[in-house]
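Visitor: I should like a close look at a single part of this model. Please describe one strand and its surroundings in detail.

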Amino acid sequence: MSLPNQTSRGEQQARAAGHVNANGQRVYRMMGPVILWWGWVAFLLLALADLLIQGHQLPSARVALGALTVTGAVYAGALWPKVIVDESGISVCNPFRVFDIPWASVKGVFLAESVEIQCARPAPKKDKAVACWSLASP
């Protein structure tokens, strides 16, 4: 017997953050950087359209190339960082490196200012803590 507005154990479903891709992988990201990315893309499109309409000189081309360079930096810092979880393990995508961690190597997940995954490694090497740039905890 269950209380009103409560489900029994058999009816409970796991709730998790992130979204599931078409291939079954769950992707975790913070929402703020994703909003920053799409805001930057909208600004960039408006700025490039304005440059196409008004400026047809060398300084306009330099501004456009500079804006595209900044776009790469914004992508690397805002949209690329993510954590992907599937049956084989965890992939932590940081701006400069991707860590593929099989489930058998995961010793623990620790929450501090960022999320850290403690990984076991073969005998001569020490265990490694991988910090997730894309996730933070309060």
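Guide: The account below concerns strand 4 and its partners, followed by a loop residue and the cysteines. The model is predicted, so local features require pLDDT of at least 70 and side-chain atom pairs count only at pLDDT 80 or more, whereas totals for chains, interfaces and linings use all residues. Residues are numbered from 1 along each chain as its sequence is written, and side-chain values use heavy atoms, with hydrogens and water left out.

Strand 4 spans residues 89-93; helices (H or I, at least four residues) and strands (E, at least two) are DSSP runs, numbered from the N terminus. Of its 5 residues, 5 are buried, where buried means under 20% relative accessible area, exposed over 50%, and partly exposed in between (1.4 Å probe, protein chains only).

Strand 4 pairs with strand 3 (residues 82-85) in the antiparallel sense through 4 bridges; two strands pair if DSSP finds at least two bridges between them. Within this pairing, V85 has I90 as its bridge partner. The two strands form a hairpin, with 3 residues between them. Strand 4 is also joined to strand 5 (residues 98-102), again antiparallel, by 5 bridges. Here S91 stands opposite D100, and 4 residues lie between the two strands of this hairpin.

C93 belongs to strand 4 and counts as buried because its relative accessibility is 4%. Beyond its neighbours within four places in sequence, C93 is in contact (heavy atoms within 4.5 Å) with W80, P81, K82, I84 and V98. W80 is 13 residues from C93 in sequence, and their C-alpha atoms are 6.9 Å apart.

I84 is also one of the contacts of Q25, alongside H19, V20, V85 and D86, when neighbours within four places are left aside. Q25 lies in the loop between strand 1 (19-20) and strand 2 (26-28). Although 59 residues separate Q25 and I84 along the chain, their C-alpha atoms are 6.4 Å apart. The side chain of Q25 also makes a polar contact with that of N23, at 3.4 Å; such a contact is a pair of N or O atoms within 3.5 Å, and within protein one must be able to donate a hydrogen and the other to accept it, while residues adjacent in sequence count only if both atoms are side-chain atoms.

As for the cysteines, the structure holds 0 disulfides, a disulfide being a pair of cysteine sulfur atoms within 2.5 Å. The sulfur of C119 forms no bond because the closest cysteine sulfur, in C132, is 9.1 Å away, which is too far. C119 is buried, with a relative accessible area of 6%, and C132 is buried at 2%.
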